[in-house]
Amino acid sequence: MKILIAEDDRLSRAFLKKAMEKYGACDVAVDGMEALDLYLESIKRQEPYDLLCLDIMMPKVDGLKTLKVIRGLEKQYATPPEDHLKIIMMTAISDVDYVKEAFKLGCDAYASKPIDVQKVEEVMKHIGLLQAAEAVAEEE
């Protein structure tokens, strides 16, 4: 599995990267603009990410705008729904409006901070990623 982590907080970014590395290769972005650059680069190389862990509140381009741009690019490139990037929004904000907006824009799941790795794993199972990662690990 190929994972992109977009998180502006250095400690949260390092923690999440360490936790997610057991599922696959992880790249990190410190803001939404960098996340979009890495996403586009992966598409051009035809090595798309499987999962994006996306913080809502980031500098330059926030998580909601990043989500909206990615879903727009998938539409523009006529990406089949089964190949859409799985996106888990992560935030310390408990504002229900942000969560509703994220789902309206097309996120697959939501995880609140502080990040609980076990809950993230449950979310990955729910959106169908964890089984795929486990199958790949068993084949190797």
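Where in the chain is Gln-46 found? Gln-46 sits in the loop between helix H2 (32–44) and E3. This is a predicted model, and the report below works from the overall fold down to single residues.

## Overall fold

The chain holds six helices and five strands. Along the sequence they follow the pattern β-α-β-α-β-α-β-α-β-α-α. Contacts reach far along the chain: among those between residues at least 6 apart in sequence, 60% join residues at least 24 apart.

The radius of gyration is 14 Å. A compact globule of 140 residues would come near 14 Å, so the chain agrees with that expectation. Along the principal axes, the C-alpha atoms fill a box of roughly 40 × 35 × 25 Å. Of the 140 residues, 43% count as buried. The exposed surface of the chain is about 8,000 Å². Carbon and sulfur atoms supply 53% of that surface.

## The sheet

The five strands make an open sheet. Their order is E2-E1-E3-E4-E5, and the pairing is parallel. Strand E2 (25–29) and strand E5 (109–112) are the edge strands. Each has a single partner strand, so one side of each lacks a neighbour in the sheet. From one strand to the next, the twist averages 20°.

Two pairings show the detail. E1 and E2 run parallel and are joined by five bridges. Within that pairing, Leu-4 has Asp-27 of E2 as its bridge partner. At the other edge, four bridges join strand E4 (residues 86–91) to E5, again in parallel. Here Met-89 has Tyr-110 of E5 as its bridge partner.

## Helices on the sheet

Helix H1 (residues 10–20) packs on the sheet. H1 touches strand E1 (2–6), E2, strand E3 (51–55) and E4. The direction of H1 makes about 165° with that of E2. Helix H5 (residues 117–126) lies across E3, E4 and E5. H5 runs at about 155° to E4.

## The H3–H4 pair

How do the axes of H3 and H4 cross, and within what distance do they come? Helix H3 (residues 63–76) and helix H4 (residues 96–105) have axes that come within 9 Å and cross at roughly 10°. Angles under 35 degrees count as roughly parallel, and H3 and H4 are therefore roughly parallel to each other.

Side by side, the helices bring two sets of residues into contact. From H3 come Leu-64, Leu-67, Lys-68 and Arg-71. They meet Tyr-98, Glu-101, Ala-102 and Leu-105 in H4.

## Strand E1 and Ala-6

Strand E1 is mostly covered, with five of its five residues buried. In a regular strand, side chains alternate between the two faces of the sheet. In E1 both faces are covered. Lys-2, Leu-4 and Ala-6 are buried on one side, and Ile-3 and Ile-5 on the other.

Is Ala-6, a residue of strand E1, buried or exposed? Ala-6 has a relative accessible area of 1%. Buried means under 20%, so Ala-6 is buried. Beyond its neighbours within four places in sequence, Ala-6 contacts Ala-29, Ala-35, Leu-52, Cys-53, Leu-54, Asp-55 and Met-58. Tyr-49 lies 43 residues from Ala-6 in sequence, and their C-alpha atoms are 12 Å apart in space.

## Loops with notable backbone

Two loop residues other than glycine have positive phi values. One is Gln-46, with phi near 60°. Its relative accessibility is 72%, and residues over 50% count as exposed, so Gln-46 is exposed. The other is Lys-60, with phi near 65°. Lys-60 lies in the loop between E3 and H3. With a relative accessible area of 70%, Lys-60 is exposed.

Which residues does a cis peptide bond join? The bond links Lys-113 and Pro-114, and omega is about 0°. Pro-114 belongs to the loop between E5 and H5.

Terms used: Residues numbered from 1 in each chain as written. Predicted model: local features only at pLDDT ≥ 70, side-chain atom pairs only at ≥ 80, totals over all residues. Heavy atoms only, no water. Pairing = 2+ DSSP bridges. Axes fitted to C-alpha atoms, helices over the stretch in contact; angles between N-to-C directions. Contact = heavy atoms within 4.5 Å. Rg over C-alpha atoms; globule rule 2.2 N^0.38 Å. Buried < 20%, exposed > 50% of the residue type's maximum accessible area, 1.4 Å probe, protein only. Areas by Shrake-Rupley, 256 points an atom, 1.4 Å probe, with all protein chains shown as cover. Parallel < 35°, antiparallel > 145°, perpendicular 65-115°, else oblique.
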